[in-house]
Every structure is written in C-alpha cells, then in structure tokens.
Amino acid sequence: MKKIREHIDHLFKDFPHNEETESMKQEIIQNLEEKVFFLMERGKAEEDAINKAIVEFGDIEDIRNELGVEQSNLSKKNMSKLNLQYSILGSLLTIALFVFINLYYTPSKIWFVYPTFGMLWWPLTMYFVWLRRK
C-alpha cells in the first residue's frame with residue numbers, strides 16, 4: 001500500500017504538519033486501504049484496486065476547507081507569470097503575422113498598426129494580473 005501512502009503524502013504536501021493533519025492523513029490512508037482490501041475480495045487485482053480507490057477518493061478541497069488551509073499562493077503566482085509570458089509571446093507572434101501580411105499583400109498601405117494596438121491589451125492585462133498576485 002506504499003502507493004496509497006505516497007499519493008496521500010503528495011496531496012497533503014502543502015498542509016501544515018500538525019497533529020490534526022497527521023490524524024486526518026492516517027484516517028484517509030486507513031479508509032483507502034480498507035477500500036482496496038474490499039475491492040480485492042471482490043476479485044480485483046491489487047494494482048487495479050489501488051488505482052480505483054485513489055480515483056474514487058478524488059481531490060482534497062473539502063478537507064482543505066475543513067482544516068482551514070489556503071491553497072498555495074506559489075502556484076497561483078507561477079500560473080500568472082506563465083500567463084504573462086504566454087500573452088507576450090502570443091502577441092508578438094500575432095503582430096509579426098500582421099506585419100508580414102501587410103507588407104506582403106499591401107505594401108503601399110500600412111494598416112498593421114491598428115490591430116497591433118488591440119493585441120497589446122492582452123499582455124497589458126496579464127501584466128496587471130501578475131502584479132496583483134506578486
């Protein structure tokens with residue numbers, strides 16, 4: 001049942017290490033192990049029973065709320081930084097496409113400037129989201 005213990009330890013990695021959390025972990029591990037033994041008695045292979053018990057357990061948002069643990073702000077910060085980087089790269093590629101289309105098809109009229117202003121709003125908004133999370 002090492003796989004169950006590793007899975008629960010991974011789910012509880014952001015939780016504070018105190019008596020209440022450890023008690024909750026042990027109770028969950030015990031319940032999952034009982035579920036695995038029950039499924040094995042019903043004819044499932046051990047690996048299948050472990051995987052089924054883990055899948056049926058689901059996520060730990062209810063437990064997180066019950067223990068009063070907030071989700072890690074680090075992952076939110078990293079996601080907002082990733083969104084900012086993606087928006088900058090996406091905007092640059094789209095603007096480069098507009099410039100190419102403009103210069104290739106209508107070199108006598110410069111129109112790529114107008115959609116460029118529109119495309120710059122995307123990284124600008126992501127920048128402010130990133131600043132707020134920082």
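Modeller: Let's start with a term: a salt bridge is a side-chain nitrogen of Lys or Arg within 4 Å of a carboxyl oxygen of Asp or Glu. In this structure, Asp9, Glu22 and Lys25 are linked in a network of such salt bridges. The model is predicted, so local features need pLDDT of at least 70 and side-chain atom pairs pLDDT 80 or more, while totals for chains, interfaces and linings use all residues. Residues are numbered from 1 along each chain as its sequence is written, and side-chain values use heavy atoms, without hydrogens and water.

Colleague: What makes Lys25 and Glu22 a salt bridge?

Modeller: Their closest N and O atoms are 3.8 Å apart, which is within the 4 Å limit, so the pair qualifies. Both lie in helix H2, three residues apart, so about one helical turn separates them. Helices here are DSSP runs of H or I with at least four residues, numbered from the N terminus.

Colleague: Why is Lys25 called buried or exposed?

Modeller: Lys25 has 9% relative accessibility, so it counts as buried. The cut-offs are under 20% relative accessible area for buried, over 50% for exposed, and partly exposed in between, with a 1.4 Å probe and protein chains only. Glu22, at 30%, is partly exposed.

Colleague: Which parts does the pair of Glu33 and Arg5 tie together?

Modeller: The closest N and O atoms of Glu33 and Arg5 are 3.7 Å apart, and the two form a salt bridge. Glu33 is in helix H2 and Arg5 in helix H1, so the pair ties together parts 28 residues apart in sequence. Glu33 counts as buried at 17% relative accessibility, whereas Arg5 counts as partly exposed at 37%.

Colleague: Which residues of H1 meet H2?

Modeller: They are Ile4, Arg5, Ile8 and Asp9; on the H2 side are residues including Lys25, Ile29, Glu33 and Val36. Contact means heavy atoms within 4.5 Å. By class, six of the residues in this contact are nonpolar, one is polar and four are charged.

Colleague: How do you know that Glus56 and Lys35 tie helices together?

Modeller: Glu56 forms a salt bridge with Lys35, with closest N and O atoms 2.8 Å apart. Glu56 lies in helix H3 (residues 46-57) and Lys35 in helix H2, so the pair ties together parts 21 residues apart in sequence. Glu56, at 42% relative accessibility, counts as partly exposed, and Lys35, at 30%, counts as partly exposed too.

Colleague: How many salt bridges does the whole structure have?

Modeller: A search finds seven.

Conventions:
Helices (H or I, at least four residues) and strands (E, at least two) are DSSP runs, numbered from the N terminus. Ala, Val, Leu, Ile, Met, Phe, Trp, Tyr, Cys and Pro count as nonpolar, Asp, Glu, Lys and Arg as charged, and the others, Gly among them, as polar.
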